[in-house]
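Reader: I have a new structure open and would enjoy talking it through with you. Could we begin with how its helices pack?

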Amino acid sequence: MASIEYKNTLVAENREQIEHHVKEILRLIGEDVDREGLLDTPARVTRMYEEIFSGYAANPRDVLGVTFDEQHEELVIIKDIVYYSQCEHHMAPFFGKVHVGYLPSGKVAGLSKFARLVDVVTRKLQVQERITSELADILDEVLKPHGVMVVVEGEHMCMCSRGVKKYGSQTVTSAVRGSFRKDSTLRAEFLSLLK
Ligand SMILES: Nc1nc2c(ncn2[C@@H]2O[C@H](COP(=O)(O)OP(=O)(O)OP(=O)(O)O)[C@@H](O)[C@H]2O)c(=O)[nH]1
Ligand SMILES: [Zn+2]
C-alpha cells in the first residue's frame with residue numbers, strides 16, 4: 001500500500017541545516033536565541049516543516065494505490081476533504097476543502113486514497129490553481145475516468161495577517177477533464193451535490 005510517511009522525510013543533514021537557519025532567522029529578526037522559550041524552537045520548526053512539506057517525499061501518482069474494477073459508471077463524489085498548504089509566495093498557510101467528482105470507466109479508487117492524494121499534493125509550497133490542476137491531471141491519468149472535476153476552496157493567510165488584510169475572503173478554483181468539459185449538465189449535477 002502506498003502510505004505517506006509524515007516523519008523521517010528529511011535526511012539528518014538537512015534537518016540540522018534547517019535548525020541552524022531557523023536559529024539564524026530568529027537572531028536576524030532581533031530575538032535573543034538563548035532565551036528559554038526559544039531554545040527548542042528551531043528543532044520544533046524543523047519537525048513542523050518535515051510534516052507540512054512531506055509531500056516532497058512522495059510520488060502523488062503512487063498514492064491512489066489499489067484500484068478496483070467496478071462497473072459503476074455514474075458520478076462518484078468525494079467532498080469536503082480538508083487540506084492545509086503553504087503558499088509559495090510568502091510561505092504562509094492557506095487551507096480549505098477539496099471536492100472531487102468523477103465518472104469511472106471500469107476503475108475506481110479506494111475512498112481514503114483521494115484524501116491521501118490531497119495530502120501529498122498540498123503538503124509542499126503551492127498555489128491553489130496548481131493544486132487544482134495537478135489533482136485533476138493525476139486522477140485523469142491514473143483512473144482514466146470518462147471525466148473528472150475538482151473544486152478547491154481556500155483561505156490564504158497571506159491575505160489576512162499581512163498585505164491587503166482581507167480576513168474571510170475565499171478563493172474557489174476548479175478544473176475539469178474529459179466529459180465534464182463538454183457536459184454542462186454533469187458539471188451542474190456535481191456542483192448541486194456539493195451544496
Ligand atoms: N493566484 C494565486 N495567487 C496567490 C496564491 N497564494 C498567494 N497568492 C498571491 O501571490 C501574490 C504575490 O504578489 P507580489 O506582489 O509578488 O507579493 P506582495 O508584494 O507580498 O503582494 P501583496 O500580497 O499584494 O502584498 C499576491 O497577490 C498573493 O495574494 C495562490 O494560491 N494563487
Ligand atoms: Zn502568499
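Reader: How are H1 and H2 oriented to each other: parallel, perpendicular or oblique?

Author: Happy to start there, with the reminder that this is a predicted model. The axes of H1, residues 12-28, and H2, residues 41-52, cross at roughly 125 degrees and come within 8 Å. Angles from 65 to 115 degrees count as roughly perpendicular and those over 145 as roughly antiparallel. The crossing angle fits neither class, and therefore H1 and H2 are oblique.

Reader: Which hand does the crossing of H1 with H2 have, and how do the residues of their contact divide by class?

Author: H1 passes H2 in a right-handed crossing. On the H1 side the contact uses Arg15, Ile18, Glu19, Val22, Lys23 and Leu26, while H2 brings Thr41, Pro42, Ala43, Val45, Thr46 and Tyr49. Sorted by class, these come to 3 charged, 2 polar and 7 nonpolar residues.

Reader: Nice. What is the relation of H4 to H5, oblique or perpendicular?

Author: Here H4 covers residues 111-122 and H5 residues 128-143. Their axes lie 10 Å apart, and the helices pack at an angle of about 135 degrees. Since roughly antiparallel needs an angle over 145 degrees, H4 and H5 are therefore oblique to each other.

Reader: Which residues of H5 does H4 meet?

Author: H4 passes H5 in a right-handed crossing. By class the contact holds 1 charged, 1 polar and 6 nonpolar residues. From H4 come Leu117, Val118, Val121 and Thr122, and they meet Ile131, Glu134, Leu135 and Ile138 of H5.

Reader: Turning to ligand 1, how many residues of its shell are charged?

Author: Let's walk around the shell. Ligand 1 is surrounded by Cys87, His89, Val127, Gln128, Glu129, His156, Cys158, Met159, Gly163 and Val164. With 5 of these nonpolar and 4 polar, the number charged is 1.

Reader: Stepping back, how many helices and strands does the protein have?

Author: Reading from the N terminus, the elements run α-α-α-β-β-β-β-α-β-α-β-β-α-α. The C-alpha trace that carries them spans about 60 × 40 × 20 Å along its principal axes. The count is 7 helices and 7 strands.

Reader: And which ipTM and pTM does the model score?

Author: It helps to look at the residues before the overall scores. The protein averages a pLDDT of 94, and 96% of the residues score at least 70. For the model, the scores are ipTM 0.89 and pTM 0.93.

Conventions. Residues numbered from 1 in each chain as written. Chains lettered and ligands numbered in written order. Predicted model: local features only at pLDDT ≥ 70, side-chain atom pairs only at ≥ 80, totals over all residues. pLDDT = per-residue confidence, 0-100. Near = placed C-beta within 6 Å. Nonpolar A, V, L, I, M, F, W, Y, C, P; charged D, E, K, R; others polar. Axes fitted to C-alpha atoms, helices over the stretch in contact; angles between N-to-C directions. Helix = DSSP H or I, 4+ residues; strand = E, 2+ residues; numbered from the N terminus. Parallel < 35°, antiparallel > 145°, perpendicular 65-115°, else oblique. Left-handed = near helix turned anticlockwise from the far one by under 90°. Contact = placed C-beta atoms within 7 Å.
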